[in-house]
Amino acid sequence: MSAVTVKIAFTEGADPELGLPAPATEGAAGLDLRANLQEGIRPDGITLEPGTRQMIPCGIRIALPRGFEAQVRPRSGLACRHGVSILNGPGTIDSDYRGEINVILINHGKLPFHVRHGDRIAQMIVAPVTSPRWEVSELGEETERGRGGFGSTGTK
């Protein structure tokens, strides 16, 4: 596994005691993002009613090096146990974005879901970006799938 240096800062009013995004285990690819709620909201948290969405602050800003992106992805445990996911998953954080990282959670479940201060709500992957050099031409050899479109390979 390789490493890249990413500058990080806490937003005004954030709780630095929650720490920095970090993997939950040694082999984890994703860095856990936590709900970093403003002081007035921390005691009660945020309740997502079924079918609703809410932007949840993470209390951090990052400066990715040029040529890198961060992807914000759902947590499988929240999706499986509660029907909670992220609305624009995966979300992309570009290297020139300097605002606070927020996660748009959506409750697809049948019960209200409560987000508490410090809860792990998503995971973030930092990855290199490649830029295509387009070449307008014939595509070359046909593939087995060809121009079949969505669902053309079937289910079995």
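Gln38 counts as partly exposed, at 35% relative accessibility, where partly exposed is the range between buried (under 20% relative accessible area) and exposed (over 50%), computed with a 1.4 Å probe on protein chains only. This is a predicted model, in which local features need pLDDT of at least 70 and side-chain atom pairs count only at pLDDT 80 or more, while totals for chains, interfaces and linings use all residues. Residues are numbered from 1 along each chain as its sequence is written, and side-chain values use heavy atoms, with hydrogens and water left out.

Gln38 sits in the loop between β2 and β3; strands (E, at least two residues) and helices (H or I, at least four) are DSSP runs, numbered from the N terminus. Leaving out residues up to four places away in sequence, Gln38 touches Glu12 and Gly13, contact being heavy atoms within 4.5 Å. His117 is 79 residues from Gln38 in sequence, and their C-alpha atoms are 8.6 Å apart.

The strand before that loop, β2 (residues 31–34), holds Asp32. Asp32 is buried, with a relative accessible area of 10%. Its side chain makes a polar contact of 3.0 Å with the side chain of Arg120. A polar contact is a pair of N or O atoms within 3.5 Å; within protein, one must be able to donate a hydrogen and the other to accept it, and residues adjacent in sequence count only if both atoms are side-chain atoms. Apart from neighbours within four places in sequence, Asp32 is in contact with Pro21, Ala22, Pro23, Ala24, Arg75, Arg120, Ala122 and Gln123.

Next comes the nonpolar interior. In soluble globular proteins, nonpolar side chains tend to be buried together. A nonpolar core is defined here as a set of buried Ala, Val, Leu, Ile, Met, Phe, Trp, Tyr and Cys residues joined through side-chain atoms within 4.5 Å. The largest such core has 24 residues, of which Leu33, Val103, Leu105, Val115 and Ile121 touch the most other members. At least two residues of this core come from each of β3 (46–48), β4 (53–63), β5 (68–73), β6 (84–86), β8, β9 (113–115) and β10. Strand β4 gives the most, with 4 residues. Not counting residues up to four places away in sequence, Ile121 touches Leu33, Arg34, Ala35, Ile56, Cys58, Arg75, Leu78, Val103, Leu105 and Val115.

Strand β8 also contains Glu100, which is partly exposed with a relative accessible area of 22%. A polar atom of the Glu100 side chain lies 2.9 Å from the backbone nitrogen of Gly59. Gly59 is also among the residues that Glu100 touches beyond four places in sequence, along with Thr11, Pro57, Cys58, Ile60 and Arg61. The C-alpha atoms of Glu100 and Ile62 are 7.9 Å apart, with their positions 38 residues apart in sequence.

Rolling a probe the size of a water molecule over the atoms shows where empty space is left. On a 1 Å grid over the protein atoms alone, a pocket is an open set of points where a 1.4 Å probe fits, with protein on both sides within 12 Å along at least five of seven lines; lining residues have an atom within 4 Å of a point. Grid points are joined across faces, edges and corners, and a volume is the space filled by probe spheres set on the points.

The largest pocket holds about 570 Å³ of space. It is lined by 21 residues, and those closest to its centre are Ser2, Val4, Val6, Leu31 and Val126. Strand β10 (residues 120–128) gives the most to this lining, with 4 residues. The lining divides into 18 nonpolar, 2 polar and 1 charged, where Ala, Val, Leu, Ile, Met, Phe, Trp, Tyr, Cys and Pro count as nonpolar, Asp, Glu, Lys and Arg as charged, and the others, Gly among them, as polar.

The second largest pocket has a volume of about 230 Å³. Of its 14 lining residues, Val72, Asn88, Thr92, Ile93 and Asn102 are the closest to the centre. The largest share of the lining, 5 residues, comes from β8. By class, the second lining has 8 nonpolar, 4 polar and 2 charged residues.

Pro90 lies in the loop between β6 and β7. A cis peptide bond, with omega about -5 degrees, joins Gly89 to Pro90.
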